[in-house]
Amino acid sequence: MEVTNKMTPLFFKDAFWGGDFTNHDGYNALIQRLHDGKRMCKDMEELLKMRAQAEERYGKELVNIARKAGGQTEISTLRASFDELKTQIENIGNCHIQLSGMLKDEVKKLEIFRERQKAQRKKFEAINEKVQKTKVSLFKKTMESKKTYEHRCREADEAKQVSERTATTTAAPKHSEKVHHRAKQLRQAANETEKHYHANIDQLETVRQDWIDTHRGMCEVFQQLEGDRINILRCVLWDHSNHLSMQCVKDDELYEEVRRILEKCDITTDNNSFINMKSTGSRPPEPIVFENYYQRESSEDSNGSAHFTGAGGVLKRFSSLLQGSMVNINDSPPPSQSAVTSGGQSLDGVYASISGLQQEASTAALETDENSYIVLYDYFAQDPDELSITCGDVVQLLEQFEDGWWTVKTNGQTGLVPGSYLARNWPET
């Protein structure tokens, strides 16, 4: 067990006296100590004020940072972590602002304590200085009466000696009587000054006792004031350290909330969230195929008529049988009439008008359904929003998209299909 040697306390009233009656070095040392203590109180107040200002600035800066920080573009768990950090930074800033207020309250308490000590010190300073002035004044008066007394005694002694010498000589009786009378008067004066000197000594002793009592009482009060000052400053420093430690603990607790949210931050969750929110498609676009404007495949049937075959999905332009007008067709729809030249030869892409059919074609203009398309290739749906189609099916176009996927409807079902798998469906005439 550790044993602490307690120091024996010393007392101001036993340590601040002067050897000289008019020496006030002890009093001056005590007053200087109290003034130094007052200066220390002011220094402590200034420290707390500056720390309070620093805490307030820091707290406001944290609140400002938290409110100005962005992060609105982030999503999911990382966004939650960032928002939690901003929230806790603002909370920490508010805690530091509160700490600033607590420090300012400590400053006010310290100012009140300092002013109270100042009033008590001034009170006893005035009493002690008054007693000191009385003591010094009476001491001077006593010393002057002492000098007078000593002077009168020397004069009386000298007169007595002269009188005695005169009595032993043959001097005239009248002269001897005169000398004796003067010696007697000087002795009476010496006795009077002695009484006065004694009276001053007695009075000075009374004042001295009063001064001693006042000085002792002042020393006790000053030691109590000094003890109170040391105790209050120690408590202020202790509380200040506790406030700062508590603030650090509070800061750590708030940051622990951020760490708790960060534990839930997951890369996969954030990436999945982004994909679910902003997904633009699950497959790349189909390759772009070359489409020859003039290419087509032709064959002759048994009666020599020509027709288009193949499933390339390439639009071809041909000359109308009526008045040389041009229409666009797919390679799949059948021709309304066999187109041949007068010599039985077919032309590549453009056919001459046949006079025998001109009137019939003019009365039956080719009409197309713009929303009706024929399927050129089989396609099997790979996503829930897609539609399976079979070559030869006729579908109704609902919507076209720039990425090459079209929304169609067939047999009461609707879905997405590749646009390159469709060709316009031309009605027979």
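Cys235 is partly exposed in this predicted model, with a relative accessible area of 33%. Cys95, by contrast, counts as buried, because its relative accessibility of 14% falls under the 20% limit. The count of disulfides comes to zero; a pair would be counted if two cysteine sulfur atoms lay within 2.5 Å.

An open sheet is formed by five strands. Their order is β8-β7-β6-β5-β9, and the pairing is antiparallel. The edge positions are taken by β8 (413-418) and β9 (422-424). Each of these two has a single partner strand, so one side of β8 and one side of β9 are left without a neighbour in the sheet. On average, and with direction ignored, neighbouring strands of this sheet are turned by 45° against each other. Strand β7, which covers residues 405-410, runs antiparallel to β8 and is joined to β8 by six bridges. Within this pair, Lys409 stands opposite Thr414 in β8.

Strands of the sheet also contribute to a nonpolar core. The largest such core has 13 residues. Tyr373, Ile389, Val395, Trp406, Val408, Val417 and Leu422 are the residues with the most contacts inside this core. At least two core residues are supplied by each of β5 (372-375), β6 (394-400), β7 and β8. The most is given by β7, with three residues. In soluble globular proteins, nonpolar side chains tend to be buried together.

Val395 gives a closer view of the surroundings of one core residue. Apart from neighbours within four places in sequence, Val395 is in contact with Asn371, Ser372, Tyr373 and Val375, and also with Val408, Lys409, Thr410 and Leu422. Tyr373, Val408 and Leu422 are themselves among the residues with the most contacts inside the core. Lys409, the residue opposite Thr414, is thus met again as a contact of Val395. A second core, separate from the one just described, has twelve residues, including Leu48, Leu99, Leu103 and Val236.

A further site is found around His24, in the segment before α1 (25-68). His24 counts as buried because its relative accessibility is 17%, a value under the 20% limit. When neighbours within four places in sequence are left aside, the contacts of His24 are Gln132, Lys135 and Val136. With Lys135 there is also a polar contact, made between the two side chains at 3.2 Å.

Technical notes. Residues are numbered from 1 along each chain as its sequence is written. This is a predicted model: local features need pLDDT of at least 70, side-chain atom pairs count only at pLDDT 80 or more; totals for chains, interfaces and linings use all residues. Side-chain values use heavy atoms; hydrogens and water are left out. Helices (H or I, at least four residues) and strands (E, at least two) are DSSP runs, numbered from the N terminus. Buried means under 20% relative accessible area, exposed over 50%, partly exposed in between (1.4 Å probe, protein chains only). A polar contact is a pair of N or O atoms within 3.5 Å; within protein, one must be able to donate a hydrogen and the other to accept it, and residues adjacent in sequence count only if both atoms are side-chain atoms. Contact means heavy atoms within 4.5 Å. Two strands pair if DSSP finds at least two bridges between them. Axes are lines fitted to C-alpha atoms, for helices over the stretch in contact, and angles run from 0 to 180 degrees between N-to-C directions. A nonpolar core is a set of buried Ala, Val, Leu, Ile, Met, Phe, Trp, Tyr and Cys residues joined through side-chain atoms within 4.5 Å.
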